[in-house]
Amino acid sequence: MKDPQSGLSYYFSKSVSSFTHVMAFFRGKFSTVFNESCSPMEDPLGIFGGRYRVVTSWKLDSVVSAANEKISYVYERFIYPQNYNMDTTAYQILETYVNTSFPGRNDTVKSGSIDPFWRFPDSVDLVKEIIYPYKGARLIFNYEKTTPRFEFWSQTNGGTVNSVNGIYYYSRLNTIEAVEQGQSNLYKLDYTYFHTPNGSLTQTESNAHLGDADDMYSLKLKTLSVRDRWTGNFQVLYRFGYNDNKARRFAKGLDYHGYFKGNASAATQTGHSIYGLRNREPDSTFMQYGILNSITSGTGAKVSFAYSIHKLSSLSNAMTNSPNWVGNTMITPPGQPGYVIGDGLKLNRVTIEDINDTETRTFINYTYGDGQYFMPGGIYTLPTYFENSSSDVVKGRHIYESFMNPGYFHNGSNHAYSMVTVKSSNLHGQQLSLKEYQLTNFSDQLSNKNFVAGGGQASVDFPFTRKQYMRTWEMGLPLKIRTHDNKDLVTEEQYFTYQFVIDTVSSLLAKVNDTNRVVSNVVIGPVLFHEDNTPCANIKSYKLTLDPYRPYKGLSLLKKVETRNYLSNSEFLTDIITYDYDARNNIKSARSQNIRGEYTENYSVYNYDIPATGDPALLKMQQEGSEYLVATEKWNNGPANSGLRNTNSRLLKGSVFKYKLENGGIYNEKVMETALDAPLAYSSYMSGGSGNVSGAVMAAYSGAALPAYLRPITDVKLRDGRGNPLETYLPAGDVYKAMIWDTLSGHKLADVVGARYSNIAYSGFEYGYGHNLRASSAFILHIDDNGSLLLPPNFTEFIPVSTTLSGNYFCLLKSGTSATKRLYTEGLEPGITYRATFWSSANTMPEFGIEGGTQFSLTEIAVKGQYKQYEVIFSPTVASQKIGLNAPGANIAIDELRIHPVEAQMVTYTYQRLNGKTSETDALGRITFYEYDGMGRLHLVRDQEGNIIQKQTYSLQSSY
C-alpha cells in the first residue's frame, strides 16, 4: 500500500489465522433433505459448521521510502494453550412446545464450541524487532519465556510448561532495548497480578499463583524503568496506581463494556453475557474495580484521576424496536424519570502535583450536561434459527452470547454529552481558567438525524445485523466555546457551523458489491435436540436472506467560525470566518469581513486544479491521485458577491509552490511570492490562466516566463538521496544557503549561510571524512564513552592525544611534508577568500596550504585540553587545487575542520548515539557542549572553556 503524499510504501503479509466455524451451507456440504439420527458429541448435519482456519490479521513487514530506505519489522509467534478461552462463550436453547413428549426447552449451555460464529485464535505474532535504515539502529522487544502467565496456569501444568513444540505461550513484554551503533538504552516493565479475593485467599494483589481459578488473575503493569548506562541500575520512569479490587475475568457481573457492575459476591462467580440471565445493573463503586488511578514519575510528578458513573437521558428512536435490544442494563435514579445511570464511567477530576513540593497542585475538574444514551445497550446476537418447511413458523432458536456492533457507538461509547465544562484551579481553590463547551450530539439543535440506513430494514433484528449506523462524524463537534479568566469574566466566545457530507457511492466505485448472507435452517419433524444436549435436527433445506447494505463514510466540514473578543461584560469585537470546499472536500476559500464591510478571502489552488502541462511532478501526482497545495491567494473582494473572488477583486498577496519529481519522490523545489507595490487587479493576475487557475500558477508549471511581479523566495537547487536540501537560493537577499547532512542517521551536521554547497567543507569525523574532504595516510580513530582508545589490529602509529575534542572520533594525520597533503579539499572555486578553522593536537604545529605550493599562515585562536584551535584565511589560485593539512614534524590529531567563504556563517553540530546533540559550534568557531546522564537526559551545558552554563538535576523518589 503506497501513500502518494509521503512516498512511503507499506508491505504486509498474512499473520495468524484463527479457528472459526463455517456452517455447512457455506461449505457446500449438505443434501436436499437431511433425516439422520445424532450420536452424542457429534454434529453430522453441520448445523454448527466445520472448524477451519481463517486468516484474521495481517502484519506490517516493512515501510520503504521513495529513496529506498527501509524500516523492517521482525515478529515472534506465540500460542495460546488449547481450549484457553472455551469457557468464555455460552448459548441458550429455546424450543417450542410440541407435545408432552417434546415439551419445549429453555436451557443454558456453557460451551464455546457450540456457537456457529464462535472464533478463537490459537496463536499471535508479536513484534520482536524493528530495524531502522541507519547506524544499526533498532528496537528489540523481549518477552517473558520462563514462567507462563497465571491466566494459563492450570493449562500449563502449574506453570511448569511454557512452550509447545518450541513455540512459547502468549507472554508479556519484559523489556524494550533501543540500540544504535552498539550503544543501548534498556527499558524494563515490571508487573504483578490483580487477584480476586476468594474464600481464605483475601489478597487483592499477588506475585504467585495461589491455586485457585486462573481467571481470578489479571496482569497489572506496575512500573516502567530505564537502565542507567553508567551504573547498570534501573531507575523508575513511571509508576502506575490502580483501584486494586478486581473481578475475575469471566465474572457474573461484567457488563458488555468489560466493567464490573455486580455485587461483591458476584465478583468471584463465573457468568456469561446472554441478556436476562445475569445481573447487569451498574454500581459506581464496583465499576471502578481495576481502573487506573494515578501515574507518578520517577522524579515525583504525579497525575491522579477521579471517576464517577454516567447520568444520561434515554432517547427514543427506531432502533429500540427489536427484540434483541437490552433495556435494563442501566438503572433509573429515584425520582428522576427519563434518566438512566450506567454505561461506564466518566472522568471527573485530574489532579496534577509535585510530591516534592506540597504547595504545587492543580485541579482540572470536568462537569457534564445533557448526557444522551443512544440506544438501550447497542447489543445484539446473531442466533441460529430453525423454521418449519413453509418458513413461516420458528420452531427453535439458539441464542448465543450477546455482543456489540461498533456501528452503534461513537468512539466506542453508547453515550455522549452536549455540555462539558473544564475548570482549572489551584491548591487553594482559586480559579485559574474555565472553558465551557457546547457540542453536537445524537439529538441536538441541528436535528435528530444521526442514522444512516441502507438496504434491508431500519432495526437490528434477525436476519439483518448491520442496519442504521450512527453518523458519528457529526457528533462531538464544538458548537460554542466560552472562555473565562481567573476572575470568571468572559474573555472570548466562539460559535461554529458545519457542513456534513455523506458518501455512499465510493463503495460502488470501488466495486464493493458483496452482501451479507444470513442463513436459517428449514426443519421437518419435531426433534431439534437430543436429550444429552447434542444438537440434532431434521433439516430439509436452508433459507438464505441477503442483506444489501454497503459501506459508507462521512465528513464534517467546518463552514463558519464566529469569534467574539470581549472588551467588557457586554461589549465585544466580532470576527467571522466562512469556509468553502471543493469537490474533494479540501478548503477552497476562507473569508472574513472587516469593519468597512469588505471581504478578505484566502483562496487555495491544488495540483488537480491545473490542466495537464506535461510537468513530471504534476503527472506523478495525477497518477497517484495525490493532493498537494500548489498556490495560495489573498484577495480583497469588496463588499459584494458574498465575499467570493470576482472580477472586481484585488490581489493582496499570492504564493506559488513549485514541486519537482526527483529520485521517485515529489519535493518542494521553489516557493514564489508576489512583490506588489499596490493590490493587483483580478484580470492582471488571472491573465494567461486556465479556469480558476491564475496565469502565475500556469507559468510556474508550464515552463513559461513568470510574471514580473512573481519572485522566488526560496529555490532548492540541490538535494541528497533522502530528499534533504543541500543548497537553497534565497533571491530576496541574493544569498545561498548550504546544509550538510549525515544520510545514515538523518542528522544535520552543518548550516552555512552565504555559501554554495560546493564551496564548503566540513568534518567532525563522527561520520567519516565528511563533505568535500579527502584523505591520504590519515586514520579516523575512536575513543569510546569510557575513554578507551579503540585501535585497528596491528596499529602502531604514534597517537598524540588520549581524548577527543567533541564526540567520539578524531582524525590522525601521519607525519609528512606539504608535498603530499594528508587531509585536503579540492575543487573550491578560485577567486574567493576562504576561512578555515580546525583543532589540532598541541604536540606540534601542522601546516595548512597548497599541496606542493604555498603554505598559509596559521593563527592560534584557542586552547582546550590537548588541542589548539587555528584559523587560516586563504584563496585558491586555480581550479581543482589540493588545499589542506599535513604534519611536518610528527603525527597530529585533527578535529572539527571547517572551510567556508570568509563572509559566510557556518554552524556545525555533533551528536551522541541515543542521546542527541553533544556540541554546537557557532559562526565564530566557539563550541557549546551538551552532556547527558546515564539515562539519556540532558544534565550539563558547558561553554568552550568547560564552565557550566546550565545544569539540570533529577531526584529519584523511593516512595509514593
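## Close-up views of one protein chain

**View 1. Asp582, a buried charge without a salt bridge.** Asp582 is buried but makes no salt bridge, and Lys588, the nearest side chain of opposite charge, sits 4.8 Å away. Buried means under 20% relative accessible area, exposed means over 50%, and partly exposed is in between (1.4 Å probe, protein chains only). A salt bridge needs a side-chain nitrogen of Lys or Arg within 4 Å of a carboxyl oxygen of Asp or Glu. For charge, Lys and Arg count as positive, Asp and Glu as negative, while His and the chain ends are not counted. A heads-up: this is a predicted model, so local features need pLDDT of at least 70 and side-chain atom pairs count only at pLDDT 80 or more, though totals for chains, interfaces and linings use all residues. Residues are numbered from 1 along each chain as its sequence is written, and side-chain values use heavy atoms, with hydrogens and water left out.

To find Asp582, look in the loop between strand E36 (572-581) and strand E37 (587-593). Helices (H or I, at least four residues) and strands (E, at least two) are DSSP runs, numbered from the N terminus. What does the side chain of Asp582 reach at 2.9 Å? That would be the backbone nitrogen of Arg584. This is a polar contact: a pair of N or O atoms within 3.5 Å where, within protein, one must be able to donate a hydrogen and the other to accept it, and residues adjacent in sequence count only if both atoms are side-chain atoms. Setting aside neighbours within four places in sequence, Asp582 is in contact (heavy atoms within 4.5 Å) with Lys588, Tyr606 and Tyr608.

**View 2. Helix H4 and its two sides.** Helix H4 spans residues 616-624, and its buried residues are Ala617, Leu618, Lys620 and Met621. Why do these four end up on the same side of H4? They cover an arc of only 160° around the axis, the arc being that of the directions from the helix axis to the C-beta atoms. Gln622 and Gln623, on the other side, are exposed. The cover over the buried residues of H4 includes strand E1 (2-3), E40, E41 and helix H6 (695-702). At the N-terminal end, Asp615 acts as a cap, with a side-chain oxygen 3.1 Å from the backbone nitrogen of Ala617. Just past H4 comes Gly625, whose phi is positive at about 70°.

**View 3. Strand E41 and its two partners.** Here's one of the strands that helps cover H4. E41 (residues 665-674) is itself mostly covered, with seven of its ten residues buried. Eight bridges link E41 to strand E40 (residues 650-662), and the two run antiparallel; strands pair if DSSP finds at least two bridges between them. Lys660 stands opposite Tyr667 in E41. E40 and E41 make a hairpin with two residues between them, and Asn663 in that turn has a positive phi of about 55°. E41 also pairs with strand E43 (residues 710-719), again in the antiparallel sense, over five bridges. In this pair, Met672 stands opposite Pro712.

**View 4. An open sheet of five strands.** Follow the order E48-E52-E58-E54-E55, with antiparallel pairing. Which strands stand at the edges? They are E48 (774-775) and E55 (855-856): each has a single partner strand, so one side of each is left without a neighbour in the sheet. E48 is joined to E52 (residues 823-825) by two bridges, and Arg774 stands opposite Tyr824 in E52.

**View 5. Two residues with positive phi that aren't glycine.** Most residues other than glycine have a negative phi. Asp343 goes positive, at about 65°. Asp343 lies in strand E21 (residues 339-354) and counts as buried because its relative accessibility is 5%. Leu914 has a positive phi too, near 70°. Leu914 is in the loop between strand E60 (905-912) and strand E61 (916-921), and its 26% relative accessibility is why it counts as partly exposed.

**View 6. Ser62 and what it touches.** Ser62 has its place in strand E5 (residues 58-64). Its relative accessibility is 9%, so Ser62 counts as buried. Not counting residues up to four places away in sequence, Ser62 touches Ser9, Tyr10, Tyr11, Lys70, Ile71, Ser72 and Tyr73.

**View 7. Stepping back to the protein chain.** The chain has six helices and 64 strands. Of its 960 residues, 47% are buried. Take the contacts between residues at least 6 apart in sequence: 62% of them join residues at least 24 apart.
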